[in-house]
Amino acid sequence: MKILFIHQNFPGQYLHLARHLGASPKNEVIFITQRQDATIPGVKKIVYKPQRAVTPGIHHYLGDTEAGILNAQEVARIALDLKASGFVPDVMLGHNGWGEIWYLKDVFPNTPLLGYFEFFYRSQGADVGFDPKEQLTPDTSPRLRTKNVGNLLALEAVDWGQCPTQWQRSVYPLRYQPILSVVHEGIDTQVVAPDHAAHFAIPGTDITLKYGDEVVTYVARNLEPYRGFPSFMRSLPTILQSRPKAHVLIVGGEETSYGHRLPAGETFRQRMLDELGDAIDLKRVHFLNKVPYSTFLKILQISRAHVYLTYPFVLSWSMLEAMSAGCLVIGSRTPPVEEVIQDGINGILVDFFSPDEIAQHVVEALEDVRKHEELRRNARRTIVHRYDLRTICLPAQLSLVEKLAL
């Protein structure tokens with residue numbers, strides 16, 4: 001079978017699927033991307049970049065749309081070259097978020113296209129307006145409606161779509177939901193598993209933490225409000241004062257992935273440190289920035305309490321990985337977290353905006369490691385039974401691909 005993948009950040013959500021398909025000599029797998037590093041055996045990578053930047057001064061509603069068009073044009077040019085060389089895929093898979101799949105059917109009209117759909121922007125019922133302090137203006141709804149141009153182009157272009165969670169599917173218009181299957185990309189539960197022998201040496205210190213120590217963990221791609229970073233930071237003074245032996249490990253960069261960007265030179269990390277001042281003991285609060293995956297796993301494996309907070313938005317892999325590693329996840333009472341965590345059954349749910357409630361449950365977890373053992377076991381059981389890569393998610397993805405390729 002000939003398979004064409006498209007994702008600007010290779011391999012994105014297609015790591016396991018591309019690896020599996022690339023491992024078979026019966027398949028010819030090509031992956032179009034903007035990322036130059038990283039490889040997968042059996043997968044030929046074609047790197048592109050847009051011909052130019054977005055037009056300076058373009059209407060602020062249209063910046064993302066023009067960026068998507070520029071990406072889509074380059075991907076289409078590569079597809080035309082592939083077609084001229086004799087490569088006609090049996091199936092195409094791509095993420096719709098950056099425009100790359102918009103014009104593929106104009107090159108390969110008879111090849112089925114499976115799109116990956118993460119989020120449909122709404123002015124109510126999702127991330128926008130979730131924070132009561134957010135200032136909404138008459139500009140908000142029209143801007144968001146226009147931001148969905150790419151979503152709608154892709155929905156009309158694809159033959160079928162994939163969403164990772166039921167809630168993320170639910171934010172798409174009802175007319176399109178029948179062509180969207182809920183299939184998560186999966187967690188490798190054999191790799192992401194509890195390890196009571198795990199330990200982690202904090203860089204730049206002589207501190208080594210191990211399973212059983214009072215370790216609080218927080219992980220996000222970037223430290224920002226969408227992932228509850230301010231609420232988490234404001235919970236720390238109480239946690240640190242109540243548990244003098246506790247250490248806090250914070251993983252995440254200092255850019256902005258979602259929401260409003262700060263002025264140049266400012267970060268949410270520094271803002272919170274300035275706000276909290278001496279209430280934070282930086283000898284026990286460790287900012288690790290972004291870490292290798294193997295380090296990330298060790299951090300989860302020694303965690304006594306893992307805090308995961310999010311706006312009603314895209315669910316992070318890290319929360320599911322934390323559960324798979326046997327963490328006690330203290331998560332926000334927000335969708336799509338509630339789709340996975342049942343309060344008091346396989347984790348604990350808290351008010352996203354309540355540092356006091358977050359601190360209370362973290363302190364309880366640090367006080368008695370045995371108290372939440374059943375929740376930890378149930379957390380892992382949830383991931384094994386619903387999100388396991390090999391037995392559930394990869395077979396479901398392959399089934400989608402095979403049905404479309406027929």
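## A helix across the sheet

Helix 7 (residues 229-242) lies across strand 10 (215-222), strand 11 (247-253), strand 12 and strand 13, and its direction makes an angle of about 165° with strand 11. Keep in mind that this is a predicted model.

## The sheet itself

What order do the strands take in the open sheet? Reading across, the six strands go 12-11-10-13-14-15, and the pairing is parallel. Strand 12 (285-289) and strand 15 (348-350) sit at the edges, each with a single partner strand, so one side of each has no neighbour in the sheet. From one strand to the next, the twist averages 20°.

Zooming in on one pair, strand 13 (residues 305-308) and strand 14 (residues 329-332) run parallel and are joined by three bridges. Here tyrosine 308 stands opposite glycine 331, which belongs to strand 14.

## The second largest pocket

Now for a spot you might want to look at in your viewer. The second largest pocket holds about 220 Å³ of space. Its lining is made up of Phe120, Tyr121, Arg122, Ser123, Gln124, Ser141, Leu144, Arg145, Asn148 and Leu152.

Which element gives the largest share of that lining? That would be helix 4 (residues 140-147), with three residues. As for chemistry, the lining of this pocket splits into four nonpolar, four polar and two charged residues. Phe120 and Leu144 are among the nonpolar ones, Ser123 and Gln124 are among the polar ones, and the charged ones are Arg122 and Arg145.

Terms used:
Residues numbered from 1 in each chain as written. Predicted model: local features only at pLDDT ≥ 70, side-chain atom pairs only at ≥ 80, totals over all residues. Heavy atoms only, no water. Pairing = 2+ DSSP bridges. Helix = DSSP H or I, 4+ residues; strand = E, 2+ residues; numbered from the N terminus. Axes fitted to C-alpha atoms, helices over the stretch in contact; angles between N-to-C directions. Contact = heavy atoms within 4.5 Å. 1 Å grid on protein atoms, 1.4 Å probe; cavity = no way out; pocket = protein on both sides within 12 Å on 5 of 7 lines; lining within 4 Å. Points joined across faces, edges and corners; volume = space filled by probe spheres on them.
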